[in-house]
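Hi there,

Here is the structure I promised to pass on to you. Have a look at it first, and then read my notes underneath.

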Amino acid sequence: MQTTSIIELYVFVLAGFVGFQIITRVPSLLHTPLMSATNAISAISLVGSLVAAGSDKNRVATWLGFVAVTAATINVVGGFLITDRMLKMFRPAGKAGAGGRPLPRKAKEDEG
Amino acid sequence: MSAAELFTQASYLAASVLFILGLRSLTKPDSARRGMQQAAVGMLLAIVGTLTKEEIVDYKFIIAGLSVGTVIGYPLGMFVPMTAMPQRIAISHMFGALAATLVGIAEFYTLGDGAQVSHATMAALGFEVMFGALTITGSFMAFGKLQEFLPGVPVTFRGQNAVSGVLFAVTVGLFAWLVYQPHTPWAFYVMCVLGLFIGVSLVLPIGGADMPVVISLLNSYAGLASSATGFAIGNEVLIIAGALDGASGFILSMVMSKAMNRSFSNILFGAFGKPPEKGAKAATGLAVKPVSAEDAAIQLGYARSVIVVPGYGMAVAQAQHAVRELADLIEKNGGEVKYAIHPVAGRMPGHMNVLLAEANIPYDKLKEMEEINGEFRNTDVALVIGANDVVNPAARNDRSSPIYGMPILNVDQAKSVIVMKRSMNPGFAGIENELFYNDRTTMLFGDAKSSLEKLVAEVKMNAAG
C-alpha cells in the first residue's frame, strides 16, 4: 500500500470520528433536516463527476460523467434548497414563523 | 504544486471545514439555517475549485449536466410537499449513489479496464461500485414503497434467504477476486449488476413501518460509496463528506433500531420468509367505544392539558394544519397543548417534527419521548392521531407480542384518551392494540383531517355558545 492511501485512511477515520461526535448531539427534532443535509453534502461526489465528464479521456467516461454530473447536481441543488426550506419552518415559541399566524381569522372569531 | 492546483486544494479544504461547521450548526435549531447556508457556499467553492483544474479540457458535457441537474433539482427542492419527505429523501439517496457508481465505472474503464489499477485502488473502486449499485436499486425500491407504486407490505417467497445469501456471497467473491486480480473486466461488470440485484432483494422484504431504519441505512451506504470514490480518485474532500454522511446514516439507524427494540440484522433479515406475526392476544369479546365529534369536542374544550400524539396517519391525511388549528382553539380556552414525538413515528427519522413545524407549531412544544413520558399521568386528554404501534401497551406487558420491549409513549396513563383512526384495522405490524379497548379510551373514526376539521368547528361553536 502506498503512503497516500494510508493518509487517506487517516482522513477517513478522523472525519468519521468528527462526524460521530457532532451528529450524536443533533436533537431528534432535526433528524429529517440532518438527513437531507448530509445527503446534499455527500453530493460533493459532483467533484469527481466533473473530472470524469470534462477531461476528455474517452467517450464512455465522458458520457458516464455527464449522467453522474446530472445526478449529483440534482442532489446539490435540491438537497440544499429543501434543507433550507425545512429549517426555515422551525421556530421557537413567541416568534412568528415563515407562514405567520392567521390573525385576521382570529379577529373574526372574537366578533362571533 | 501549481497556483491552480493550490487554489483547488484550498477550496476543498474550505469546503470540508464549512461542511463540518454546517453539521455542527444542526445541533441547535436557531443556528441551523445559517450554518447550512455556509455549507452550501462550501459546496460552491469546491465546484469552482474543480472547474479550474488543468485536467478539465472540455466544458460541454459539464455545462449540460449542471443545467439538466439544476432543472430537475430545483423543483425537487422547492415544491415537494413536506408529507412526501420520506420518498423525496429516498430518491435522493439513489441519485447520490448513481453518481458515485458511474464515476467508479468511468474510472475503471479509463484505466484500461483495470489494467492500470493497483490492488489498493481496486479495493476502493470495488467497494464504491458494489455499495453504490445496491444503494441505487435499494433506494429506488424504498422510494416505490413510500410512493406506493410498490406494495408496502413485506414481499417474501420461499427460499428467499438462500437466494439472497448466494447472491451476496458471489458478489463478495467477485470483489475479492478483483482486488487480487484487478484486470478482470467481466468480474467487475458482473459485480455491478449483482449489486443492483442485492439492492432489490434487500429492500423488497422490508415493511413500511421499518422504513425509518432502511432510509437511514441507505443514507449511510450512499455516504460510504461517496467516501470510497474519494479513495479511488484520491480526493480528500470526498472522503470527508462521505464519512460525515456515512456516520450520520449509521447513527440514525442505531437510534431507529433502538427505538424499535430491534437489532440491525433483525430488521434486515427479520422479514425474510415469515409474514407479520399475529398478536398473541386476540381481541375477541372486547368492544371499543366509538365517540362522536360533538362529544370529543366537549371533552377537548374543557381540557386543561392535552398531549397530541401524531403518527403516520397524520402525514397520510395531511392533517398537520388542522392539528394546529385545534391546538390554537384549546389554548385560547386556557388549555395547554404539547406534542409527544416517538422516534419512529412516521416513515423517516424526525418526520413528525417537520410536519408540525410546517404547520407553524413552535419547536419547544415538540417533546421527545423521554422528556414527556412522565407527564401523561397528569394529562386530561391524550389525542392520538394515526399512531398505533408506538402507543401499544403490549410492548410493555405482553411478553409474547412481537413488539415486546419496544419503548412506547405512556398514552394509556392519561386521564382520558381519544384515538383518531380510519378503521379498526391493526397497524403495519399487524398487532392488536390493547389501548383501544382501555376503559378510558374512546375512538373517533374517520379520516384524520376531516375529523379534526369537525372537532375545530365543534370546539368553536361550544366556545361561542
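Below is what I found, beginning with chain A and then moving to two places in chain B.

Please keep in mind that this is a predicted model.

Chain A is a good place to start. It has 5 helices and 0 strands, so its pattern along the sequence reads α-α-α-α-α. Of its 112 residues, 58% are buried. If you take the contacts in chain A between residues at least 6 apart in sequence, 56% of them join residues at least 24 apart. The accessible surface of this chain is about 4900 Å², and carbon and sulfur atoms account for 65% of that.

Next, turn to the surface of chain B. Trp177(B), Tyr180(B), Trp186(B) and Val190(B) make up a nonpolar patch there, and together they have about 480 Å² of accessible area. Helix H6 (160-180) and helix H7 (185-203) each contribute at least two residues to the patch. Tyr180(B) is part of helix H6, and it counts as exposed because its relative accessibility is 57%, where the cut-off for exposed is over 50%.

Finally, find Ala259(B) in helix H9 (residues 236-259) of chain B. Is Ala259(B) buried or exposed? It counts as buried, because its relative accessibility is 4% and buried means under 20%. Leaving out residues up to four places away in sequence, Ala259(B) touches His342(B), Pro343(B), Val344(B), Met406(B) and Pro407(B). Its C-alpha atom is 8.4 Å from that of Ile408(B), although the two residues are 149 apart along the chain.

Enjoy exploring!

Best wishes

Conventions
Residues numbered from 1 in each chain as written. Chains lettered and ligands numbered in written order. Predicted model: local features only at pLDDT ≥ 70, side-chain atom pairs only at ≥ 80, totals over all residues. Heavy atoms only, no water. Patch = residues over 30% accessible without salt bridge, like charges linked within 9 Å, V, L, I, M, F, W, Y side chains within 5 Å. Areas by Shrake-Rupley, 256 points an atom, 1.4 Å probe, with all protein chains shown as cover. Salt bridge = Lys/Arg side-chain N within 4 Å of Asp/Glu carboxyl O. Helix = DSSP H or I, 4+ residues; strand = E, 2+ residues; numbered from the N terminus. Buried < 20%, exposed > 50% of the residue type's maximum accessible area, 1.4 Å probe, protein only. Contact = heavy atoms within 4.5 Å.
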